[in-house]
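Me: I'm new to this structure and would like a close look at just one part of it. Could you choose a part where charged side chains come together and take me through it slowly?

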Amino acid sequence: MTSALSAQAPSLRTLISKVPEVTAFFWSIKVLATTVGETAADDLNTTLKLGLSGTTLVMGALLIAVLIAQFRSTRYVPGIYWTAIVLISVVGTLITDNLTDNLGVSLWTSSAIFAVALALTFFAWWRREGTLSIHSIFTARREAFYWLAVLFTFALGTATGDLVAEQLQLGYFVSVGLFAGLIVLAALAHVYLKLDGILTFWIVYILTRPLGASIGDSLSQAKADGGLGLGTTATSGIFLLAILGVVSYLAVTRRDQVALAPTDIEAA
């Protein structure tokens with residue numbers, strides 16, 4: 001699955017993509033980050049005591065600061081990139097929670113809104129750039145499309161994860177199995193049915209968000225609510241330490257850095 005979902009092989013060209021190679025490390029950190037997004041959003045809302053709106057503004061400001069650093073960087077830097085992913089996961093969760101808790105928008109409606117927003121982002125990205133490959137991201141415009149799409153995947157994943165686990169009452173552990181199963185089916189479709197690699201990547205990327213959210217809730221929520229009762233602080237801390245360990249390893253070894261292939265450069 002790892003090599004199959006890689007959009008391009010590394011080349012000797014010096015132009016470097018702003019995103020990591022798609023490896024087992026990529027998917028591992030992605031799931032860890034989405035889990036943190038679910039639990040940290042709840043934990044920060046309680047700790048900061050600013051309410052959902054205030055917490056969203058604070059975390060949104062932090063996200064903007066990190067994204068400025070990401071855009072200014074001339075290459076993929078693991079610490080900056082994955083910090084942005086963690087923060088955008090938290091912000092995406094908070095946006096959905098604001099719609100649900102503060103504005104009374106149903107999870108069905110918010111899921112539909114974010115699904116349409118994501119589809120429109122992909123359409124605009126493809127029409128303007130001619131590709132949705134994450135390994136063709138070496139201009140500010142393409143990177144803007146990328147991060148907007150990522151934000152909508154996190155917001156959509158939060159809404160659909162809560163919808164399946166809570167509103168449809170399937171429970172957190174059943175939801176974990178459901179979304180994990182869908183990811184496996186997408187990977188099998190790519191391998192055996194020759195489903196397009198870029199399409200497969202984005203399907204799996206979208207599905208890892210509700211998977212991570214369900215994992216986070218299954219660990220942090222009280223036993224009476226169907227979880228293991230670890231709490232949001234402990235769960236967030238465990239997963240943040242895991243992310244820190246893997247990202248530090250990648251920063252040293254550079255095992256997830258990829259140079260752009262000539263076809264990407266010529267298409268720019």
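Reply: Here is a walk around helices H4 and H5, with a little background before it and a few neighbours after it.

Keep in mind that this is a predicted model, where local features need pLDDT of at least 70, side-chain atom pairs count only at pLDDT 80 or more, and totals for chains, interfaces and linings use all residues. Residues are numbered from 1 along each chain as its sequence is written, and side-chain values use heavy atoms, with hydrogens and water left out.

First, the setting. The chain has nine helices and zero strands; both are DSSP runs numbered from the N terminus, helices being H or I with at least four residues and strands E with at least two. Of its 268 residues, 50% count as buried. Buried means under 20% relative accessible area, exposed means over 50%, and partly exposed is in between, using a 1.4 Å probe and protein chains only. Contacts are heavy atoms within 4.5 Å, and among those between residues at least 6 apart in sequence, 76% join residues at least 24 apart.

Now to H4, which runs over residues 107-129. Its 23 residues reach 32 Å from first C-alpha to last, close to the 33 Å expected at 1.5 Å a residue; the expected span is 1.5 Å times one less than the number of residues. Several H4 residues are buried, among them Phe114, Leu118, Phe122, Trp125 and Glu129. Helix H3 (78-102), H5 and H7 are included in what covers the buried residues of H4. Right after H4 comes Gly130, with a positive phi near 80 degrees.

H5 takes up residues 140-167. With 28 residues at 1.5 Å each it should span 40 Å, and its end C-alpha atoms are 39 Å apart, which agrees. Because 20 of those 28 residues are buried, H5 is largely enclosed by the rest of the structure. Gln169, just after H5, has a positive phi of about 60 degrees.

So where do the charges meet? Glu129, Arg141 and Arg142 are linked in a network of salt bridges. A salt bridge here is a side-chain nitrogen of Lys or Arg within 4 Å of a carboxyl oxygen of Asp or Glu. Side chains of opposite charge can pair when their charged atoms come close.

Take the two arms of that network in turn. Arg141 forms a salt bridge with Glu129, and the closest N and O atoms are 2.4 Å apart. That pair links distant parts of the chain, with Arg141 in H5 and Glu129 in H4, twelve residues apart. Arg142 also forms a salt bridge with Glu129, here with the closest N and O atoms 2.7 Å apart. Again distant parts of the chain are linked, Arg142 being in H5 and Glu129 in H4, 13 residues apart.

How covered are the three partners? Glu129 is buried, at 12% relative accessible area, and Arg142 is buried too, at 3%. Arg141, at 41%, counts as partly exposed.

H5 has another charged residue to look at. The side chains of Glu143 and Lys18 meet in a salt bridge, 2.8 Å from N to O. This one links distant parts of the chain as well: Glu143 is in H5, while Lys18 is in the segment before helix H1 (24-48), 125 residues away. Glu143 is buried at 2%, and Lys18 is buried at 5%. In total, the structure holds four salt bridges.

Back on H4, it's worth pausing at the rings. A search of the whole structure finds 18 aromatic pairs. Rings of Phe, Tyr and Trp (its six-membered ring) pair if their centres lie within 6.5 Å; planes under 30 degrees apart count as stacked, over 60 as edge-to-face, and the rest as tilted. In one of the pairs, the rings of Trp125 and Trp202 have centres 5.9 Å apart and planes at 75 degrees, so the pair is edge-to-face. Trp125 sits in H4 and Trp202 in helix H7 (residues 197-220), 77 residues apart, so this pair too links distant parts of the chain. Both Trp125 and Trp202 are buried.
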